[in-house]
Amino acid sequence: METLPLGFRLKDQSCLVVGGGEIAARKVSLLVRAGARVTLVAPEVLTSLREQVKASGGNVQERRYLSEDLDHQTLVVAATDDQELNAEVSRACQQRRIPVNVVDSPALCTVIFPAIVDRSPILIGISSNGVSPVLARMLRGKIESTIPAAYGRLASLLGEFRAQAKQAFPDTSARRAFWEEQLQGPMPDMVFSGREQDARRHLQQALANPGQKPSGEVYLVGAGPGDPDLLTFKALRLMQQADVIVYDRLVSEPILDLCRRDAERIYVGKARADHAVPQEGINALLVRLAQEGKRVCRLKGGDPFIFGRGGEEIEELAEARIPFQVVPGITAASGCAAYAGIPLTHRNYAQSVRFVTGHLKDGTPDLPWEELVHPNQTLVLYMGLISLGPIREQLLAHGLPAATPVAMISKGTTAQQQVITGTLADIVEKLAGQPLPAPTLIIVGEVVKLREQLNWFSHD
Ligand code: SAH
């Protein structure tokens, strides 16, 4: 992190703005909104700016900046078009340890102004640390459009009940569960539609009958193939609600970063057969955590029901009568195919697609080979990298032409995605020259040819 976002309480604090133009005016507006007492220094000051400062109870000095202007200031903003003067103000502030912001010169700033979404008391600051303020502002636009204006009212109303809730639920996790339950129930809508009294009554009743301890549940969530943008809204919501995240090797770091910060994280998976925790252990763990009253997010790569053993996990939950939800995810086949420019079906090349596992049973792949060599069918092999040699032999032996195109996609959809293409005849040698990191998906079929045509924009 380049800087740490902190809230600066400026009410009734003295702030100096050096500069009298449009840019200074924008900073003055923000400072005034935060309740600061602004002193503005500049030889020439826009009339509207002068009036704004005066109306807010601040003062305007129409002259050049002097170093004494820094005396007793809590925060200083340099917003002139004179780079030397800006640098001088910055230097002087840094010497005196006064936080300083120089507009459009990140290197001269000790504090920066983020783009703000104001739903007071809720405030969202978005900063690119000066790298691209335009991008930060665009992002603000997006956030503005997804957070209803009434969020501020909702937050204020919740604030009214804070002390009462603390009394009713001294335990922090119980209290959090209470608020989450409330926020997912009908109450917020009452506020949004202007029925704040109903919302208050609703909260009062809920606090008067705190009920029993919330029961635990398990969310079996598909996290997609790697790119966090491929998560579903539901996945993200549950990831941010869960008390515990149980995840394995396929779940990428950027996705874990989106889970609730203070959730407990339990890692249960390693490469292939070398499971950090065996499957039975995972099943039992999910049951135990839920029985302790926790909301457990079992985060799995891709889709939980495609080579994910999701079925086994929920079987055990069902037996133990633990409530669960399954959230589908984008499976590796869809993600890799899309990001590599290979349509899995195509009117002219493939009318069906089969997902098979290359996982070895007693050292040999155990697959219905006759069915896999049909023409006009795309084969997608999960977990196929180590068994590529024997799989290729079987496919050839059962009549698939040696010229059949093959693509191998490593770490699909992530920034490290690599794609190697070849044919059944040469793919094994090609791979020998360029080993691919796991996870790797293999696509076999005529559709692979379309990559040349469709992937003109890609860099890999
Ligand atoms: N449930 C997962 C699959 C788990 S099996 C899903 O629906 O995608 C693990 C196999 O999935 C890996 O061996 C690999 O073949 C494939 N895989 C998963 N993520 C991948 C990725 N990002 N890139 C390439 N292959 C991937």
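Q: Which residues form a nonpolar patch on the surface, and what is their accessible area together?
A: Keep in mind that this is a predicted model. In it, Met1, Leu4 and Leu6 make up a nonpolar patch on the surface. Taken together, their accessible area comes to about 440 Å².

Q: Is Met1 buried or exposed?
A: Met1 sits in the segment before strand E1 (14-18). Its relative accessible area is 85%, and the cut-off for that upper class is over 50%. So Met1 is exposed.

Q: Which helix supplies the largest share of the largest nonpolar core?
A: This core has 20 residues, and Leu372, Leu395, Met408, Ile442 and Val444 touch the most other members. Several elements each supply at least two residues, including helix H15 (369-372), strand E16 (377-382) and helix H16 (388-397). The largest share is three residues, and it comes from H16.

Q: Which residues does Leu395 touch, leaving out those up to four places away in sequence?
A: Leu395 is one of the core residues that touch the most other members. With residues up to four places away in sequence not counted, its contacts are Trp369, Leu372, Val373, Leu379, Leu400 and Leu424.

Q: How many residues are in the other core?
A: This other core lies apart from the one that holds Leu395. Among its members are Ala36, Val45, Val60 and Val103. Its size is 19 residues.

Q: Are the rings of Tyr247 and Tyr267 stacked, edge-to-face or tilted?
A: A search of the whole structure turns up five aromatic pairs. For Tyr247 and Tyr267, the ring centres are 5.4 Å apart and the planes are at 55°. Stacked needs planes under 30 degrees apart and edge-to-face needs over 60, so the pair of Tyr247 and Tyr267 is tilted.

Q: How many residues apart in sequence are the parts that Tyr247 and Tyr267 tie together?
A: Tyr247 belongs to strand E9 (residues 244-247), and Tyr267 to strand E10 (residues 264-267). Tyr247 counts as buried at 15% relative accessibility, while Tyr267 counts as partly exposed at 37%. The parts that this pair ties together are apart in sequence by 20 residues.

Q: Which residues do ring pairs link into a cluster?
A: Here the links are ring pairs, and they join aromatic residues into a cluster. The residues are Phe169, Phe178 and Trp179.

Q: How far apart in space are Ala235 and Gln197?
A: Ala235 lies in helix H10 (residues 233-239) and counts as buried, at 0% relative accessibility. In sequence, Ala235 and Gln197 are 38 residues apart. In space, C-alpha to C-alpha, the distance is 33 Å.

Notes. Residues are numbered from 1 along each chain as its sequence is written. This is a predicted model: local features need pLDDT of at least 70, side-chain atom pairs count only at pLDDT 80 or more; totals for chains, interfaces and linings use all residues. Side-chain values use heavy atoms; hydrogens and water are left out. A nonpolar core is a set of buried Ala, Val, Leu, Ile, Met, Phe, Trp, Tyr and Cys residues joined through side-chain atoms within 4.5 Å. Buried means under 20% relative accessible area, exposed over 50%, partly exposed in between (1.4 Å probe, protein chains only). Helices (H or I, at least four residues) and strands (E, at least two) are DSSP runs, numbered from the N terminus. Contact means heavy atoms within 4.5 Å. Patches are made of residues with over 30% relative accessible area and no salt bridge: like charges are joined within 9 Å, nonpolar side chains (Val, Leu, Ile, Met, Phe, Trp, Tyr) within 5 Å. Accessible areas come from the Shrake-Rupley method with a 1.4 Å probe; for residues, only the protein chains shown count as cover. A salt bridge is a side-chain nitrogen of Lys or Arg within 4 Å of a carboxyl oxygen of Asp or Glu. Rings of Phe, Tyr and Trp (its six-membered ring) pair if their centres lie within 6.5 Å; planes under 30 degrees apart count as stacked, over 60 as edge-to-face and the rest as tilted.
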